[in-house]
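Biologist: Thanks for sharing this model with me. I'd love a close look at a single part, with a connected account of what lies around it.

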Amino acid sequence: MAKRFTVMIIPEDGENVRRLKVRRGLLTLAVTALLLFVGVFAYFTHSFYTLQFDQTELQRLRLVNSQQRHDLQRLIADVDLLREELAGLAETDARVRQLADIDSSPKAVPVAIGGIPESGNVEVVDQLQQQINQLQVAIDLRRQSQEDVRNLLNDQVSISRATPKGWPTKGWITSYFGMRQIPDGTGRRIHEGLDIAANTGTPVYATADGIVARVEYSKSYGKTVVVDHGYGYRTLYAHNSRNSIKRGTRVRRGDKLAEVGNTGISTGPHLHYEVQLNGVPIDPRKTL
Ligand SMILES: [Zn+2]
């Protein structure tokens with residue numbers, strides 16, 4: 001390539017053409033300088049717009065962050081409120097357990113988180129998640145506890161309903177539970193029930209909920225009904241003139257079983273009423 005160039009400047013209005021003699025090195029330098037200038041200019045322009053954009057984005061993010069902190073604060077307040085409510089429930093639960101005589105009480109409710117530290121939201125979100133998990137566990141415990149109490153109360157109601165209570169018929173006691181002279185003159189023997197005198201046909205009622213276990217006739221007891229109440233309790237109603245229930249019938253306290261009579265070995269119309277606990281006759285007078 002040539003070492004020198006001639007740059008011709010030709011004016012439009014016909015003045016003399018001007019010639020510039022330029023060395024190759026100088027031309028290269030000029031072109032490089034121009035390119036450099038364009039490059040630097042482009043770089044700064046780009047930086048400027050990027051900065052402008054970043055500034056806008058930063059402002060937007062600051063706003064979002066502030067909103068999120070606000071939301072987080074509200075969430076913490078909500079969780080705290082839940083925690084307090086649960087603490088109240090736990091207190092009630094503990095009292096109920098105490099009344100119901102259930103000793104072991106489930107664990108306490110988790111503690112509060114407090115405010116958001118400057119260190120950042122991530123920690124708080126973690127804490128919040130932990131709190132929510134703990135609350136979940138506390139709620140499950142509470143549910144289990146209430147289930148315990150309900151089962152216990154159900155059991156107590158069942159036991160109460162299955163325990164013989166009250167008079168099986170309207171009448172007056174003519175013979176008590178315990179040792180006594182036998183009417184047929186064979187000597188003293190334990191009397192395993194209570195004799196309640198009443199007119200023939202007077203209704204005989206179940207003294208507790210249960211299932212009719214036996215409806216039968218025996219030589220000594222005559223027409224008899226036996227009710228099984230569960231929990232070890234059985235009641236027996238003897239000397240009836242008539243049994244008015246079938247074996248296997250589910251009965252409630254107060255349901256009619258039979259009518260008073262004089263069947264079997266008996267000296268007059270009366271009900272022989274027995275209460276057995278685990279197969280052993282107990283004094284029915286204590287249950288009237
Ligand atoms: Zn008797």
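Where in the chain is the place of Tyr231?

Modeller: Happy to walk you through it. The model is a predicted one, in which local features need pLDDT of at least 70 and side-chain atom pairs count only at pLDDT 80 or more, while totals for chains, interfaces and linings use all residues. Residues are numbered from 1 along each chain as its sequence is written, and side-chain values use heavy atoms, with hydrogens and water left out.

Tyr231 sits in the loop between strand 9 and strand 10 (233-240). Strands here are DSSP runs of E with at least two residues, helices are runs of H or I with at least four, and both are numbered from the N terminus. The relative accessible area of Tyr231 is 46%, so this residue is partly exposed; that class lies between buried, under 20%, and exposed, over 50%, with a 1.4 Å probe and protein chains only. Its backbone deserves a look as well: phi of Tyr231 is near 55 degrees, a positive value in a residue other than glycine.

Stepping back into strand 9 (residues 222-230), you find it running antiparallel to strand 8, with seven bridges joining the two. Strands are said to pair if DSSP finds at least two bridges between them. Three residues make the hairpin connection from strand 8 to strand 9. Within this pairing, Glu216 has Thr224 of strand 9 as its bridge partner. Strand 8 (residues 210-218) is also paired with strand 12 (residues 250-251), in the antiparallel sense and over two bridges. There, Ile211 stands opposite Arg250 of strand 12.

Next comes an open sheet of three strands, ordered 7-13-11 with antiparallel pairing. Its edges are strand 7 (203-205) and strand 11 (242-243), each pairing on one side only. Two bridges connect strand 11 with strand 13 (residues 256-259) in the antiparallel sense, and Arg242 has Glu259 of strand 13 as its bridge partner.

Another loop residue to set beside Tyr231 is Asn278, found between strand 14 and strand 15 (280-282). Phi of Asn278 is near 50 degrees, a positive value in a residue other than glycine. With a relative accessible area of 61%, Asn278 is exposed. Its C-alpha atom is separated by 30 Å from that of Gln98, 180 residues apart along the chain.

Strand 14 (residues 270-277) brings us to the metal site, as His272 lies in it. The zinc ion is coordinated by His191 (NE2), Asp195 (OD) and His272 (ND1), at 1.9 to 2.2 Å. Donors are N, O and S atoms within 2.8 Å of the metal (3.2 Å for Na, K and Ca), and water is not among the atoms, so sites may look incomplete. The donor residues are spaced H-x3-D-x76-H in sequence. His191, in strand 5 (residues 188-191), is 81 residues from His272, and the pair links distant parts of the chain. Both His191 and His272 are buried.

Finally, the helices: the axes of helix 1 (residues 24-100) and helix 2 (residues 121-162) come within 10 Å and cross at roughly 20 degrees. Such axes are lines fitted to C-alpha atoms over the stretch in contact, and angles run from 0 to 180 degrees between N-to-C directions. Helix 1 and helix 2 are therefore roughly parallel to each other, a label for angles under 35 degrees, with over 145 as roughly antiparallel, 65 to 115 as roughly perpendicular and the rest as oblique.
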